Amino acid sequence: MADKVKKIGLLTGGGDCPGLNAVIRAVTRTAILKYGYEVIGYKYGYKGLYNNDIVPLDLNSVSGILHKGGTILYSSNKDNLFNYQVEENGEKICKDVSDVAVENLKKEKVDVLVVIGGDGTLTSARDFARKGVKVVAVPKTIDNDLAATETTFGHYSALDVATDALERLHTTAESHHRVMILEVMGRNAGWIALRSGIAGSADVILLPEIPYDINKIVAKIKDRGESGRPFTIIVVAEGAKPKGGNVVVQKIVSDSPDPIRLGGIGNKLASDLEQLISNHEIRCTVLGHLQRGGDTSTYDRILSTRYGAAAVELIHEGRYGNMVCLNSDKMTFEHLENVIGQIKTVDLDNELVKTARSIGTSFGD
Ligand code: F6P
């Protein structure tokens with residue numbers, strides 16, 4: 001059972017998303033109120049662990065943040081302490097500085113580190129666990145692409161934004177008889193496009209997992225026009241690609257552990273469709289970081305609170321090296337060794353895909 005934990009450290013890493021503050025609040029409140037642990041936060045993710053940039057967390061500092069997007073601890077998606085950029089003799093080099101972080105944890109007498117993040121942040125958490133650091137992790141990402149858990153927090157908040165955008169596009173598309181394309185995030189997983197496409201009644205949903213045939217999309221637009229619906233709503237995941245084609249890369253962030261930033265497929269699709277369709281104007285909206293900003297949805301407030309409280313239970317039970325997970329609506333856990341690199345994409349037999357097909361939604365295939 002529980003060992004003698006007195007103090008826990010907390011950090012948020014990777015891209016932000018709604019729900020981070022709700023997890024910080026739940027961890028802090030459970031730690032203090034239920035177990036009497038002291039809590040500190042590291043600012044700017046792993047960078048704060050390296051610089052020992054800490055802030056004490058108490059009931060007052062986490063008051064009023066449940067609904068707020070972003071993270072009161074700030075975040076960074078560039079700082080991998082196992083391959084960290086430092087300046088030595090006037091030269092910038094990358095080296096393993098994880099021992100500095102381990103020393104800082106000892107200096108602050110932090111017994112357990114709680115890491116909140118997606119695949120990149122969790123990879124470092126696993127590597128710290130391998131070095132003997134007591135780590136507990138919480139899965140975050142709007143992309144919902146971690147296989148170990150049914151749902152990551154942040155996903156449903158992003159879905160609310162994307163669904164709202166699709167609804168708004170409907171009224172303007174209908175007024176002008178236009179084809180409206182909405183590009184959403186998700187990296188190489190189509191969950192945001194699939195779920196928002198169903199909730200926002202998109203006519204065409206384009207996923208990374210189902211390469212599209214542009215002629216099928218043209219046929220769908222024509223078919224709708226002939227049946228008295230002369231407008232079409234298309235939601236396209238940033239990782240979608242045409243059959244035999246490639247993803248569109250927006251930029252390479254060279255100092256990021258995951259340097260490829262996808263983006264641009266929506267505009268490419270718009271200009272490709274313009275070559276094939278003359279009776280409709282086509283417009284593309286790229287939703288971008290609006291999906292990561294703003295308030296946390298009701299669902300994510302609850303899920304994040306459950307995750308945060310469950311993470312502290314893992315600490316109390318001494319189950320280090322694990323990540324809290326949601327399975328069949330129950331809080332469970334999985335060892336970080338089994339979590340990393342296990343990306344969950346949309347499987348073609350997925351019930352949601354079948355449901356969307358049943359109601360006539362096209363996947364462009
Ligand atoms: O993983 C979350 C995510 O928002 C992806 O959906 C998107 O591809 C990426 O991060 C964007 O990263 P950045 O904030 O660095 O542009």
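**Exercise 1. Determine the handedness of the crossing of α6 and α10, and describe their contact.**

The crossing of α6 and α10 is left-handed, a term used if the near helix is turned anticlockwise from the far one by less than a right angle. The model is predicted, with local features needing pLDDT of at least 70 and side-chain atom pairs counting only at pLDDT 80 or more, while totals for chains, interfaces and linings use all residues. Residues are numbered from 1 along each chain as its sequence is written, and side-chain values use heavy atoms, leaving out hydrogens and water.

Next, helix α6 (residues 191-199) packs against helix α10 (residues 351-358) at an angle of about 35°, their axes being 11 Å apart; axes are lines fitted to C-alpha atoms over the stretch in contact, and angles run from 0 to 180 degrees between N-to-C directions. Helices are DSSP runs (H or I, at least four residues), numbered from the N terminus.

Finally, Leu-194, Arg-195 and Ile-198 of α6 meet Leu-352, Val-353 and Ala-356 of α10, where contact means heavy atoms within 4.5 Å.

**Exercise 2. Find which side chains offer an N or O atom to an oxygen atom of the ligand.**

Begin with the residues around the ligand (a heavy atom within 4 Å), among them Asn-77, Asp-143, Arg-261 and Arg-292.

Then take the polar contacts, pairs of N or O atoms within 3.5 Å: an oxygen atom of the ligand lies 2.6 Å from a side-chain N or O atom of Asp-143, while for Arg-292 the corresponding distance is 2.8 Å, and for Asn-77 it is 3.3 Å.

Note on methods:
A polar contact is a pair of N or O atoms within 3.5 Å; within protein, one must be able to donate a hydrogen and the other to accept it, and residues adjacent in sequence count only if both atoms are side-chain atoms. Helices (H or I, at least four residues) and strands (E, at least two) are DSSP runs, numbered from the N terminus.
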